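Thanks for coming. I have one structure to go through this morning, so let me put it on the screen.

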Amino acid sequence: MRDTRESRLLLILLVAVAFALITVDIKGGEDSPLGPARHAAADVLGPVERAAATAVDPVADTVRAFRDTATHSGRTDQLARENTELRQKLASSDMAAGRTKQLDDLLRTAGAGGYTVKAAQVIAIGPAQGFSWTITIDAGSDDGLTRDMTVINGQGLVGRITTVAPTTATVLLASDPGFSAGTRLEGSGEIGFASGGGDSPMKVSLLNGKAQVKAGDRLVTFGSQSGRPFVPGVPVGKVTEVQANAGQLTKTVLVEPFVQFTRLDLIGVVVVPPRADPRDAVLPPPPGPGQTPAAPPAKPTGGN
């Protein structure tokens, strides 16, 4: 249609008529004369509207799903981070509690034996190619440590120091096949020599081939002059087997160490030996029927 004066007048007239019809329809309400026409239009256009809505709803649902998924994903990530942080806190708490327990056991053992100890932490283990069972600790000559000092923990004999640096030291473990220490049998006091067995039990050769010994008997260190390399009375282990030695001058027994060498963490280096041999006093009281070993009473000590 060309833009002429007549066409513009017609457009104005149609708009005026439309407004008039809308006014009449609003004022008439449900009784409006245009009601039948409106209902007829609804009947015709309703299915079209529903079809359009049906086509659009999946798209809207998909958009909402993506939005909700993003929200849930963010929440899941947040929960995962919170769980990780909580596990780290629990692990840190468990480690702190474990070390506190180790320190308490160490101080109790040192107090029972009258040992003055320097506490240290294991920071490395010996290389496999070294053919020796060793650990490195975070204390050295700057802390007053020297060669041939006895090393213990809360359970008993760990080993002896072999080399010392200003801030670290190397400890030869009692499980090393080249390790040797004098022992004393609980009660009878029979003397022997213990050697490390690696992954196997220690072997102790008792000097008295007729010594009365049985499985379950316990041994402590015999001690050395001036407490080097071993102070007396440190728990070594318990007898698991007595080997037959007919006609031999010595008697060999297999001993399970009290110390678990694969779980070492906090240890103590004896820097001052006891004034008197504690003999069997560091060993916990032997358990009765159905009882577990009790811890020895703690005594004050000048350890760090």
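Going along the sequence, the order of elements is α-α-β-β-β-β-β-β-β-β-β-β-β-β. That gives two helices and twelve strands in the chain. Please keep in mind that this is a predicted model.

How do the strands pair up? Start with the barrel that holds S1. Six strands close in the order S1-S2-S5-S4-S3-S12, and the pairing is antiparallel. On average, neighbouring strands in this sheet are turned by 45° against each other, ignoring direction.

Now some of the pairs in that barrel. S1 covers residues 116-125 and S2 covers residues 134-137; the two run antiparallel and are joined by three bridges. If you want a residue to click on, take Ile125, whose bridge partner in S2 is Ile135.

Next, S3 and S4. S3 is residues 150-152, S4 is residues 157-164, and three bridges hold this antiparallel pair together. Thr150 sits opposite Arg160 in S4. The hairpin of S3 and S4 has four residues between the strands, and in it Gly156 has a positive phi near 155°.

S4 also pairs with S5, residues 169-173, again in the antiparallel sense, here through five bridges. The connection from S4 to S5 is a hairpin of four residues. Across this pair, Ile161 faces Val171 in S5.

On to the other barrel. Which strands close it, and in what order? There are six of them, in the order S6-S7-S8-S11-S10-S9, with antiparallel pairing. The average turn between neighbouring strands of this sheet is 40°, with direction ignored.

I will show one pair from it. S6, residues 180-185, and S7, residues 191-195, run antiparallel and share five bridges. Ala181 is the residue to find here: opposite it in S7 is Ala194.

Last, some totals for the whole chain. What share of the 304 residues counts as buried? The figure is 31%. For contacts, take those between residues at least 6 apart in sequence: 58% of them join residues at least 24 apart. The accessible surface of the chain is about 18500 Å², and carbon and sulfur atoms account for 59% of that.

To recap the strand orders, one barrel runs S1-S2-S5-S4-S3-S12, and the other runs S6-S7-S8-S11-S10-S9. That is what I have; questions are welcome.

Technical notes
Residues numbered from 1 in each chain as written. Predicted model: local features only at pLDDT ≥ 70, side-chain atom pairs only at ≥ 80, totals over all residues. Heavy atoms only, no water. Pairing = 2+ DSSP bridges. Axes fitted to C-alpha atoms, helices over the stretch in contact; angles between N-to-C directions. Buried < 20%, exposed > 50% of the residue type's maximum accessible area, 1.4 Å probe, protein only. Contact = heavy atoms within 4.5 Å. Areas by Shrake-Rupley, 256 points an atom, 1.4 Å probe, with all protein chains shown as cover.
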